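Here is a set of questions and answers on one protein chain. Look over the model, then work through them in order.

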Amino acid sequence: MTHWQSLLQFDQEHIWHPYAKMPADTPAIGVAKTQGSIITLSDGKELVDGMSSWWAALHGYNHPAIQKAMIDQIETMPHIMFGGLTHEPAIELAKRLIKLTPPPLQKVFFTDSGSVAMEVAIKMAIQYWISLEQPQKNKLLALKNGYHGDTFATMSICDPDNGMHRLFNSTLPQHFFAPAPQKGFDIDSDNQDIAEFKTLLEKHHTEIAAVTLEPIVQGAGGMRFYRPDYLRQVRELCDEFNVLLIADEIATGFGRTGKLFACDWANISPDIMALGKTLTGGNITLAATLATEKISDTISQGQPGLLMHGPTFMANPLACRAASSNIDVLLASPWQENIQRIESHFLNTFHSLKSLPGVADTRVLGAIGVIELERNDLGETIQHLAVQNGVWIRPFGKLIYTMPAYNIPADQLKQLTEGLKTAITQAL
Ligand code: PLP
């Protein structure tokens, strides 16, 4: 048995992977190294990365400027507790986030994963209403097909009918769910969806602390894009009915849809915004929850006045430094042109797949390409074929999707879409 064979056997028998059995039915694929948009496997085979490590690696892997910042930070101070102490990496990152996100968002809470950023967002919203002596406003209004993480509070606002967390339904707090917004970024909608959303708010707003949603792109709940006008109307209704709006920009933040934040498509500002995944460019785990001054002031003036959350690795300096460097690299790059280039390429190449029997839909927004199949049992086969064709993707049910690094070279982008198309055609 080779060194890698024994490692992979151990992995299969002892280490849980995301949403996986123990031991796993099939061994995971060993990765030896990464560079740019190339993943080198343990057997030396190279794959073009179509996933950006689940949205995160905006500039590909091992970006020299981010690596340099991280190495410098490791040598200076990789970690220090944040209770009672502070440091330049956290302050510098908070300054950038306040400058880039919509102006009312002025206060920053750092956590270590997207799910926890959403937990903090939910806590902030509930504590806000407790501070205003309206503790009955402790429910959330979420959207069907939404996905916000795997912790208990976040599972409770994921689509209850979506198979992923159904198992836990009986143990989760009960919230309200509006129908998913009608699918389609550019559609002319009859607004039935927003009418139903409004009816729920009218009926239950005295119990609702906040609306939670993924702006413009519903990710793991179906890779669905919806029109900015829906989001704009949600903002207006939240104001009308005195309910906070929490925008989960964990996947969409920092450019993925073609705007810096997906909320920008509707020119709206949420009361609370969660960032994660993309924040460090996929280099190290970090997330942030931003809130308005009105929320922080209200919480501070209430009882006990403290925001009751404080993770051990809060504002880890290494992660904060990586995030600031990631943002600097992004802003210094022609990211909008890069995303347009990917969008046009996806539109051109996926178009021909639409007419294939077995393909239900193809859709593209910014640097996100989705091919929705009619069957939901081909994902593994397509993934296997894609790997044979030199491409890394991770299908989800009937959804075959890709979101590459913004700076993926043209030849690798072509390789990615060719490999994907071939895999799908072979499988169908
Ligand atoms: N919110 C959205 C929109 C996500 O896509 C994800 C992850 O897929 C999360 C929250 C949870 O983030 P994490 O996996 O870092 O906990």
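Q: How far apart do the C-alpha centres of domain 1 and domain 2 lie?
A: The model is a predicted one. The domain assignment gives domain 1 as 3-59 + 334-427, and domain 2 as 66-332. The C-alpha centres of these two domains lie apart by 27 Å.

Q: How many residues of domain 2 are in contact with domain 1?
A: Contact here requires C-beta atoms within 7 Å. Domain 1 brings 23 residues to the contact, and the count for domain 2 is 18 residues.

Q: Which elements give two or more residues to the side of domain 1 that touches domain 2?
A: Two helices and three strands appear here. The elements are helix 2 (52-55), helix 11, strand 13 (359-365), strand 14 (368-373) and strand 16 (399-402).

Q: How many residues of the side of domain 1 that touches domain 2 are nonpolar?
A: On that side, five residues are polar and two are charged. The nonpolar residues number 16.

Q: Is His-351 buried or exposed?
A: His-351 sits in helix 11, residues 335-351. Its C-beta has 11 others within 10 Å. A residue counts as exposed at 12 or fewer, so His-351 is exposed.

Q: What distance separates the C-alpha atoms of His-351 and Asp-411?
A: Along the chain, His-351 and Asp-411 are 60 residues apart. In space, their C-alpha atoms are separated by 19 Å.

Q: Which residue does UniProt list for "modified residue: N6-(pyridoxal phosphate)lysine"?
A: The annotation comes from an unreviewed UniProt entry. The listed residue is in the loop between strand 11 (272-275) and strand 12 (287-292). That residue is Lys-277.

Q: Why is Lys-277 classed as buried rather than exposed?
A: Buried means 20 or more other C-beta atoms within 10 Å. Leaving out residues up to four places away in sequence, Lys-277 touches Trp-54, Trp-55, Ala-56, Gly-114, Ile-250 and Ala-251. Lys-277 is buried because the number of other C-beta atoms within 10 Å is 28.

Q: Which strands are the edge strands of the open sheet with the order 1-2-3-15?
A: This open sheet has four strands and mixed pairing. An edge strand pairs on one side only. The edge strands are strand 1 (31-35) and strand 15 (391-392).

Q: Which residue of strand 3 stands opposite Ile-38?
A: Strands of a sheet pair through backbone hydrogen bonds, in either a parallel or an antiparallel sense. Strand 2 (residues 38-41) and strand 3 (residues 46-49) pair in the antiparallel sense, over three bridges. Opposite Ile-38 in strand 3 stands Val-48.

Definitions and conventions:
Residues are numbered from 1 along each chain as its sequence is written. This is a predicted model: local features need pLDDT of at least 70, side-chain atom pairs count only at pLDDT 80 or more; totals for chains, interfaces and linings use all residues. UniProt positions are given in the numbering used here, feature names are shortened, and annotations may be inferred rather than shown by experiment. Two residues are in contact if their C-beta atoms, placed from the backbone, lie within 7 Å. Two strands pair if DSSP finds at least two bridges between them. Domain bounds come from an automatic or database domain assignment. Ala, Val, Leu, Ile, Met, Phe, Trp, Tyr, Cys and Pro count as nonpolar, Asp, Glu, Lys and Arg as charged, and the others, Gly among them, as polar.
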